[in-house]
Amino acid sequence: IINKFNVKIERPVDGWLKTFDQFGTINGTVIALGSGTYKITASSPEKEDAAYDQPIFLGSEEFTIKTGQVTNVSLVCKVSNVKVSINLSENFVSELSDYSIIISNGTGFLTWEKNADKNDFTPSVVEGKTVYTSIKSGYFSVAPLTIQVNGHRSIDNSSTSRVYYVQTVAAADHHILNLDANVTGSLGNINITVVDTVNDIESSYVVPGFDEI
């Protein structure tokens, strides 16, 4: 996968720029450059603002070329977008006969849903409780997230919806959305936990329930 990364070498002092569509074309070769200070940037070829299972890696490093010397450069690329996963409680799944969860960052959106034709969630047992986890993770360019939850109540097939917001996001964050519903058919708490080795963020939301039937 690294051989498919895009590579850009630039000289900030005068704007000189050289690009390579794939790292594999220059991997293991020596590139001749004039003396001076440069910046190299490498990124994975995926560029979508919102896509399933699409981490985008990015890294950059400054280096100096001196006349008559060979300079080696080590470049570390890290995840540059935001990962989102969804967990549904047993109450959520039993109280809503069908549902869709639409997440947007303003420039793109992804939808997870369960209906007669499609189910994007699979059950698993966590600490003795059944949790329905999204089969696919979503990846978004860094921007505040809007979460739209739509569904129909099992009790009477009436429509219901809620909107939530995640304002604080950063590159390499993994937001795990835990969706629950009260047994009356109302949507209960949304707990958002960020799993990340760099940014530790934990948010809790208490929202009003739907009118009880």
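**Strand pairing, cores and aromatic contacts in a predicted model**

Asn-87 has Thr-133 of β11 as its bridge partner. In this predicted model, that bridge belongs to the antiparallel pairing of β7 with strand β11 (residues 129–134), which runs over two bridges. Strand β11 also pairs with β10 (residues 121–126), again antiparallel, and here six bridges join the two. Within that second pairing, Ser-124 sits across from Val-131 of β11. The hairpin that β10 and β11 make has two residues between the strands, and Glu-127 in it takes a positive phi near 50 degrees.

Stepping back to the whole chain, the protein comes out with one helix and 17 strands. It has 213 residues, of which 35% count as buried. Of the contacts with a separation of 6 or more, 54% come from residues 24 or more positions apart.

One sheet is worth walking through. It is open and built from four strands in the order β9-β8-β13-β14, with antiparallel pairing. The edge positions go to β9 and β14; each has a single partner strand, so one side of each is left without a neighbour in the sheet. On average, and with direction ignored, neighbouring strands here are turned by 15 degrees against each other. The β8 and β9 pair is antiparallel and held by six bridges, and Ile-102 stands opposite Thr-111 of β9.

The strands of that sheet turn up again in the nonpolar packing. As a general background, nonpolar side chains in soluble globular proteins tend to be buried together. In this model the largest nonpolar core has 24 residues, and the ones with the most contacts inside it are Ile-86, Leu-88, Phe-92, Ile-101, Ile-103, Phe-140 and Ile-147. Elements giving two or more residues to this core are β7 (82–88), α1 (90–95), β8 (96–104), β9 (109–114), β13 (145–153), β14 (159–166) and β15 (174–181). Ile-103 makes a handy example of how this looks from a single residue. With neighbours within four places in sequence left aside, its contacts include Val-84, Ile-86, Phe-109, Leu-110, Trp-112, Phe-140, Ile-147 and Leu-177. Gly-108, Leu-145 and Thr-146 are also among the residues in contact with Ile-103. A second core, separate from this one, has nine residues, including Phe-20, Ile-26, Ile-40 and Ile-65.

Then there are the aromatics. The structure holds six aromatic pairs. One of them joins Phe-5 and Phe-57, which are stacked at 6.4 Å centre to centre with 20 degrees between the planes. Phe-5 lies in the segment before β1 (6–11) while Phe-57 is in strand β5 (residues 57–65), so this pair ties together parts that are 52 residues apart in sequence. The two rings sit in unlike surroundings: Phe-5 is buried, at a relative accessible area of 7%, whereas Phe-57 is partly exposed at 25%.

Another pair, Trp-16 with Tyr-38, is edge-to-face, with 5.9 Å centre to centre and 85 degrees between the planes. Trp-16 belongs to strand β2 (residues 16–20) and Tyr-38 to strand β3 (residues 36–43), so the link is between parts 22 residues apart in sequence. Tyr-38 counts as buried, with 0% relative accessibility, while Trp-16 is partly exposed, with a relative accessible area of 29%. Together with Phe-63, Trp-16 and Tyr-38 form one aromatic cluster. A ring also meets a charge elsewhere: the charged end of Lys-136 sits over the ring of Tyr-52, 4.0 Å from its centre.

Finally, some backbone angles. Most residues other than glycine have a negative phi. Asp-53 is not a glycine, yet its phi is positive, at about 50 degrees. Asp-53 is found in the loop between β4 (50–52) and β5 and is partly exposed, with a relative accessible area of 48%. Asn-157 likewise has a positive phi, near 65 degrees, and is placed in the loop between β13 and β14.

Conventions. Residues numbered from 1 in each chain as written. Predicted model: local features only at pLDDT ≥ 70, side-chain atom pairs only at ≥ 80, totals over all residues. Heavy atoms only, no water. Phe/Tyr/Trp six-rings, centres within 6.5 Å; stacked < 30°, edge-to-face > 60°. Buried < 20%, exposed > 50% of the residue type's maximum accessible area, 1.4 Å probe, protein only. Lys NZ or Arg CZ within 6 Å of the ring centre and 35° of its normal. Core = buried A, V, L, I, M, F, W, Y, C linked by side-chain atoms within 4.5 Å. Contact = heavy atoms within 4.5 Å. Pairing = 2+ DSSP bridges. Axes fitted to C-alpha atoms, helices over the stretch in contact; angles between N-to-C directions.
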